Amino acid sequence: MKPEAMEMHAMKTRSAATQSPTKSGPMKKPMKKPMKKPTMKQVMKAAVLAALAGAYGMAAAQALTPPMGWNPWNAFHTEVDEAKIMANAAALKNTGLADAGYRYVNMDDGWWRTRRADGRIEVRTSMFPSGALPDGSTSMRPFVDNLHALGFKAGIYSEIGRNACSQAWDRHSPNLPEGSQVEREIGTFGHQAQDIKLLVGEYGFDYVKVDACGLADYTPDKAWVRDGTHRAFGPWIVRGKPDAASSARVEELYADLRKEIDTVRPNGDVVLSICAWGEARVNNWGGKYGQSWRTSPDITPDWKSMLLNFDSAIGRPLFAGPGRWNDPDMLELGHGEFDERHLVEARAHLSLWAIAAAPLMIGADLTKMPQSLIDIAGNRAVIAIDQDPAGHQGVTIARTGDTQVVVRTLAASGQKAVALINRGGQKRRVSVPLATLQLATNATTRDAWTGKESTVDRMITVDLAPRETALLTVRGAALRPGRVYVSEVPARVRVLEDGSAVLTTAQAAKWVPVQANAAPSGKPLTLEGRAVAEGLGVLAGSRVALRLDGEFRRFQSRTGALARGGALTYKLVADGKVLFEQTSAKPVAIDVDVAGVKTLELVTQGPAGKLAEVAWAGAELVQ
Ligand code: GLA
C-alpha cells in the first residue's frame, strides 16, 4: 500500500468513527534529527533486551497461541463502564464463548481520570465504581479481582507517549482525562516504571495494550495543542512515513516497557500488545518486545478495511510465531458489513483472522449479539485453526485478481489448513492442487464451517459466493516425505537482523525484509532468471535463525542474488559455530549436515549500505 493511502485511511478511520476534527492543510515536515551512533550502554541494553525477548528465552512463555478475548472499543469507544464490561464477561460465559477460548476481558481507552502530582494515575470511578476505595483512593484492583474470580484474564490500555488517542481523536467524549496540562498526561512517557508497577504490579493486569497517538498526534499545529490543553510532542511517528521521525526511539520506548513489565512480573506471563498501527517499522521489531503488534490502521466495519488489515498481516508470515503475532486489529463481527445480515462476510472475517494466526478480540456488545454471530465467533473448528499449537502463520500461495489461497501448516502431521478466498463481488471457482500444499494425491478435506468431509484426488476446487471464504483442514500424506520447506514452517523462523536499514522510506513502507516465497520487494523469487516457487527472500545484511531443535539431518538451499551484482557472502552458523561460508557473485549450492543442531542462522552479507535481494531458493530441512 502507498504510504499516502495508509495515512488517508488512518485519518478517515478516526474521523468516520468519531467525528474527529479533519486534517487542515498539508502535514508539517518533521525536523530532521541526525541519527546518533548508539553508545556502548545502549548496545548492551539492546543485547540484554533481545535475549530477554528472544524466541528461545522466557518471554515466549505467554501467548503461545494468539490471545483471544473481548475488548469494548469497537462497540463503545470511551463510553463504556464497569457494568457493561461485566455484562459482557457474563455473556462470554453464558454463550460458551469463554469455554471456546475467549479468555481475556480487556478495558480500552477512557479509564483514567487524571495524573496526580505524585505521578499516580487516578481511576475514573464514575466509570469503575468498584475502584472507589473507602480511604478515598482509587484502584482498578477490584475490577481485576472480579474478572479473575470469573476465570478471566484482565487487560488494560495505556499509551507510550504523554497523551492518549481519545484526547486527540475523541474530543467529544465525556471521559477524557481532566485537570491541568500535566494532570492530563496519563501516558507512560516519563512514567514507565511507575505506571507498569501500578497496572501490572498493584492492579494485577495480565495484558497491556499500549497505543502510540502520543508520539504522533500532538504536534504544535494541532488544535488540542494550540489551545494549551496538551503539551506539544515530536512527532516521533508520522503515519505512512516510517523514517520521517525516529523509529529507533519508538522501539526504545517499547523495549523499556517490556523491561519494566518483566521486572514487575518476572515469570513473563504478561501480554504486551503494541498498538503502533504498523508505523515506525514496528512490523519488523514488534516481536522482540510484544506478544502482538498492530500491523495496520484501525479496522472499521466494512469489507475494504477488513481486507486492508488482513493484507497487512498475512504478508508477513516470517515475523510471527508462538508468543509473537501479527495483529490486524480486533474483530468487527456484529457491526456494519459483518452484522447478522452479512453472515458470509462475518464468516470470511473470522476465517481470515484464523488463517493469519491473528489475535481474536471480539469487539461487539455480546449482550445484544444474535445467536447466528455467537455461533460464528464460537466455531470450534475455526478457533482450532487460529489456535493451532505449532503457530505457523498462513502463507499466500496463489493470488489472481479477486481470489487468494492461503495455506497454514498445522501441528498434526500431514495436516494443513487452507483458506480459499473470494475478495470480490462476483461468484468465483477457486482450485488449488494438493501438490501446491506439499501433499500427495488422495487427501481428505473438512470444511470448518459446515463440517462436511470430502475426499480429493489431486485438486481442491470450491465454488465461492461473492465475498465467501472456504476454510478447510486437509489431511494427507506428505508429497516429499521427510522434507519440509522453511517457508512451510514460518514459526521456526526468527528474524534476528532484517537488513532493512538500506531501504529508502518509500521502500520501507512497502517491502517485507524477510519474505516467504517472494522477494522483499514483493517480486517473484528468481535465481539466474529462473522462477523459484519455494524459498526465502531476504536482503543482504540479514541474519535469520531457524529453530531446528535437533530434529533434522540436513539443510539444503541454492542461494544467490536476484539481480547480477558484486559478490555476496553466504554463511550458516549452527549453534554459534560457522558451518558453511562462501563468497560468490553466482548462486551457491548448499547441502550441510545439521544433525543435532538446535538453531541454524542463515547469514547474508554484502558491501555495507548496498541493497541486494537474495533468494534462499528451495531452502529446506531434511529429516
Ligand atoms: C487507537 C487504537 C484503537 C483504540 C483507540 C482508543 O486508535 O488503534 O484500537 O484503542 O486508539 O482511543
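Reader: How far apart do the C-alpha centres of domain 1 and domain 2 lie?

Author: In this predicted model, the C-alpha centres of domain 1 and domain 2 lie 28 Å apart, with domain 1 covering 395–479 and domain 2 covering 484–622, bounds that come from an automatic or database domain assignment. Residues are numbered from 1 along each chain as its sequence is written, side-chain values use heavy atoms, without hydrogens and water, and local features need pLDDT of at least 70. Side-chain atom pairs count only at pLDDT 80 or more, whereas totals for chains, interfaces and linings use all residues.

Reader: How should I read the area that domain 1 and domain 2 bury between them?

Author: The size of an interface is often given as the accessible area lost when the parts come together. Here buried area is taken with a 1.4 Å probe and summed over both parts, and domain 1 and domain 2 bury about 450 Å² between them, 50% of it on carbon and sulfur atoms. On the side of domain 1, Val395, Thr409 and Gln438 lose the most area to domain 2, together 82% of what that side buries.

Reader: How many residues of domain 1 are in contact with domain 2?

Author: Four residues of domain 1 are in contact with eight residues of domain 2, where contact means heavy atoms within 4.5 Å.

Reader: Which side chains meet in a salt bridge with Lys416 and with Arg423?

Author: Side chains of opposite charge can pair when their charged atoms come close. The rule used here asks for a side-chain nitrogen of Lys or Arg within 4 Å of a carboxyl oxygen of Asp or Glu, and by this rule the count comes to 35 salt bridges, with one between domain 1 and domain 2. Lys416 meets Glu488 at 2.6 Å, N to O, while Arg423 meets Asp311 at 2.8 Å, N to O. The pair of Arg423 and Asp311 links distant parts of the chain, 112 residues apart, with Arg423 in the loop between β13 (415–422) and β14 (428–433) and Asp311 in helix α13 (residues 303–314); helices (H or I, at least four residues) and strands (E, at least two) are DSSP runs, numbered from the N terminus.

Reader: Is Arg423 buried or exposed?

Author: Arg423 counts as buried at 11% relative accessibility, whereas Asp311 is partly exposed at 31%; buried means under 20% relative accessible area, exposed over 50%, and partly exposed in between (1.4 Å probe, protein chains only).

How values were computed
Buried area = accessible area lost by both parts, 1.4 Å probe.
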